[in-house]
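These are my notebook entries on one structure. I looked up the rings first and then the parts around them.

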Amino acid sequence: MIEARHLRVLRAVASTGSFSAAGRELGCTQPAVSQQMKALESSVGTPLLVRTGREMRLTQAGEALVRHAAGIIAGLTAAEEEVAAIAGLRAGRVRLVSFPSGSSTLVPTALAALRAAHPGTRVSLEEAEPPKSVELLREGDCDVALAFRYEGAAGAEEWDDLVVRPLLTDRLVALVPEGHRLARTEGSVAIGELARESWIAGCPRCRGQLVEVCEGAGFTPRIDFATDDYPAVVGLVGAGLGVAVLPQLAVESVRPRGARTVELEPAVRREIVALTLPDLAQVPAVTATLDELARAGARQSAAR
């Protein structure tokens, strides 16, 4: 194999005409230069230099190697500089996937702080609900995925192969029209008190959790409307068309006009996390992104 350090020595010998002059230019001894030239000639299997009097002259093979060496060394230098910039967070790219309520609450705060601290790091954002977001991470289509899972739900081992950074715990709350009989309730209410209501359901995973919680309370919710769009859920509730159960983070991401939140018993919570692959967790830009997301989660919790 041809080593870059040997190419740099060959170029120095070619430009100065001697081992001793090349050593002075490179800051090493003449025997060190001679030794590296012997190693390079052994690697390529042919002489690269011939001595003519007090000077060294390149053979035809030596001339060819020097001609290519300039581009090789320039490319390596550029690569070293780019890697150093990424390692020092002067550059880098992070592909982030988040579910919608995370995109509108945690992500803006985290990315604003990341840009202020490391303006050379670029972050792209796409939206996907888990488990799709987790699939994108495992398939190499993103570097960090925001996801959630409900406390006590089956499949807790589904993230065992990933690095999990907890961000915050999010409680589910009921959303009722302002004129609803429970709208002014102080404290929490049992979800069974909403058994006879018309229901508006959210995303598929939240919808499944809603049905599970309701059935645990002894009834099956009559779902008249279903939408993945949280503002649409809030709008439908505000118009008096039914009640809903939403994560608190989702309610905080919109302005619930015409609707009020009510705490529920039994309490149902979901864990909000940022996920990445073990190898990606060693990348400085990914680590910085995870840190800022964790800080954003802590601020969101403190503000409640």
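I began with the rule for rings: those of Phe, Tyr and Trp (its six-membered ring) pair if their centres lie within 6.5 Å, and planes under 30 degrees apart count as stacked, over 60 as edge-to-face and the rest as tilted. By this rule I get three aromatic pairs. I note that this is a predicted model, where local features need pLDDT of at least 70, side-chain atom pairs count only at pLDDT 80 or more, and totals for chains, interfaces and linings use all residues. Residues are numbered from 1 along each chain as its sequence is written, and side-chain values use heavy atoms, with hydrogens and water left out.

**Rings**

I looked up one pair, Phe-99 and Phe-148, which is edge-to-face, with 5.1 Å centre to centre and 85° between the planes. Phe-99 lies in the loop between strand 3 (93–98) and helix 5 (100–117) and Phe-148 in strand 5 (residues 144–150), so this pair ties together parts that are 49 residues apart in sequence. Helices (H or I, at least four residues) and strands (E, at least two) are DSSP runs, numbered from the N terminus.

The ring centres of Phe-148 and Tyr-150 are 6.0 Å apart and the planes are at 80°, so I list this pair as edge-to-face too. Ring pairs link Phe-99, Phe-148 and Tyr-150 into a cluster.

Are Phe-99 and Phe-148 buried or exposed? Both are buried, meaning under 20% relative accessible area (exposed is over 50%, partly exposed in between; 1.4 Å probe, protein chains only). Tyr-150 is buried as well.

I also found Arg-270 over the face of Phe-148, at 4.4 Å from the ring centre. The rule for this is NZ of Lys or CZ of Arg within 6 Å of the ring centre and within 35 degrees of the ring normal.

**Helix 8**

Which residues of helix 8 (residues 230–238) are buried? I list Tyr-230, Val-233, Val-234 and Val-237. Seen down the helix axis, these buried residues fall within an arc of 95°, so they line one face of helix 8. The arc is taken from the directions from the helix axis to the C-beta atoms. After helix 8 comes Gly-240, with a positive phi near 80°.

**Gly-92**

Gly-92 sits in the loop between helix 4 (60–87) and strand 3. Its relative accessible area is 16%, so I enter Gly-92 as buried. The C-alpha atoms of Gly-92 and Ala-285 are separated by 6.2 Å, although the two are 193 residues apart along the chain.
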